[in-house]
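Hello,

Here is the structure I promised to pass on to you. Have a look at it first, and then read on for my notes on what turned up.

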Amino acid sequence: MKRILSGIQPTSKIHLGNYFGAIKQHIELQEQGECFYFVANYHALTSVNDPKTLRENTLDIALDYLALGLDPEKACLFRQSDVPEVTELTWLLSTVTGMGLLERAHSFKDKVAKGITPNVGLFTYPILMAADILIYQSDLVPVGSDQLQHIEMAQDIAGYFNNTYGYVFKRPEALLSPTPKVPGTDGQKMSKSYHNTIPVFAEDSALRKAVMSIVTDSLPLEAPKDPDCNTVYRLYELFASADEIAEMRNRFLSGGYGYGQAKRALLEKIDAYFAPARARRKELASNLDYVEQVLRQGAQKARHEAALTLKATRLACGLDT
Ligand code: ADP
Ligand code: TRP
């Protein structure tokens, strides 16, 4: 059975990009492999410095996964920081990782280009991510396309270590979802850092506002419109049946169909699609003891696995005899 692992940072409310790019397939994969999913709160410390916010966001992500269908009997769900072994492995891996590898990281360069003053943790973020992946001897890492470079780095780092000290780490492979790049309300990749998200658990006026804010061109109602260059249509494709998608496509191509109408159709779909998860989430939110218990049990299992790999790593590099 394949071992599958992924993490998600508790840095904001989850959006359609997170769901269709990552979380949906995480949940589907619980039927097919031995899954480990964690809330990446160590990683989040590189950008969140408020303890209350970090604690709340961490619990929120756990609630989101459980509400969206993660079954703790099938998949192990835990907080990254409940397995502190991963930080020791990060150090060991950092001593075989060249500066050049990290200097090439797109996500680091993008953040610096945006003007943030980086901390050392942000620079070494990919080594912690490699440790996350390698400590569980993961076969597959399901993520959106923006994380591919980080997974290649984990492969490289595993290679450096194994070449230096002998085989310890399995080579992980990325697994892309069928929708690895969901567009945001402005047409670029949906991302919290672009402020263009539609949150999964938004409802009523907040959801309406997000959907209505999708940027469209200013073609008049009568004009035929190209569905493929149109964010409303591309998001509708995520929710509707093949027949419904074909119908909207034809309407756009024939003209006489406006973006306002399409947005209303999309809004209805999103609302209905997530209604059961919203209801489950409300129930879970009134039973936080249960959520805490799921996280603790998940950590226990994860920690056991992590300790085995850490022991082999310490032995390989001469710390233990
Ligand atoms: P954000 O870009 O909002 O900061 P994260 O980096 O926290 O999102 O991403 C969490 C997971 O969701 C990752 O696996 C990432 O690849 C995936 N993801 C994020 N945005 C998108 C998107 N627009 N399309 C597809 N997958 C995405
Ligand atoms: N960097 C990932 C993100 O921002 C989160 C993450 C941390 C992760 N560790 C991981 C994803 C290990 C997959 C595997 O989305």
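A good place to start is helix α1, residues 16-29, which gives four residues to the shell around ligand 1, the most of any element. Please keep in mind throughout that this is a predicted model.

The ligand site

In total, 18 residues surround ligand 1, and those that come nearest are His-15, Gly-144, Asp-146, Val-182 and Lys-192. By class, this shell is made up of eight polar, six nonpolar and four charged residues.

Three contacts are worth finding on your screen. His-15 places a polar side-chain atom 2.7 Å from an oxygen atom of ligand 1. Val-182 uses its backbone instead: an N or O atom there lies 2.8 Å from a nitrogen atom of the ligand. Gly-17 also takes part through a backbone N or O atom, at 3.2 Å from a nitrogen atom of ligand 1. How much of the ligand's accessible area does the protein cover? On its own, ligand 1 has 540 Å² of accessible area, and the protein covers 93% of that.

The cavity

I also looked for enclosed space. The structure has one cavity of 30 Å³ or more, and about 40 Å³ of space lies in this largest cavity. Its lining consists of Ala-105, Ser-107, Phe-108, Lys-111, Leu-122, Tyr-125, Pro-126 and His-150. Two elements, α6 (106-113) and α7 (120-135), each give two or more residues to that lining. Five of the lining residues are nonpolar, two are polar and one is charged.

The second largest pocket

Finally, there is a pocket to show you. The second largest one holds about 220 Å³ of space. It is lined by 13 residues, of which Pro-72, Glu-73, Ala-75, Val-294 and Gln-297 are the closest to its centre. Which elements give two or more residues to this lining? They are strand β3 (75-79) and helix α13 (288-316), and α13 gives the most, with six residues. Here the lining divides into six nonpolar, four charged and three polar residues.

If you would like a route through the model, begin at His-15 and its contact with the oxygen atom of ligand 1, go on to the cavity lining at α6 and α7, and end at α13 beside the second largest pocket.

Happy exploring, and best wishes

Methods: Residues numbered from 1 in each chain as written. Chains lettered and ligands numbered in written order. Predicted model: local features only at pLDDT ≥ 70, side-chain atom pairs only at ≥ 80, totals over all residues. Heavy atoms only, no water. Near = heavy atom within 4 Å. Polar contact = N/O pair within 3.5 Å; in protein donor to acceptor, adjacent residues only side chain to side chain. Areas by Shrake-Rupley, 256 points an atom, 1.4 Å probe, with all protein chains shown as cover. Nonpolar A, V, L, I, M, F, W, Y, C, P; charged D, E, K, R; others polar. 1 Å grid on protein atoms, 1.4 Å probe; cavity = no way out; pocket = protein on both sides within 12 Å on 5 of 7 lines; lining within 4 Å. Points joined across faces, edges and corners; volume = space filled by probe spheres on them.
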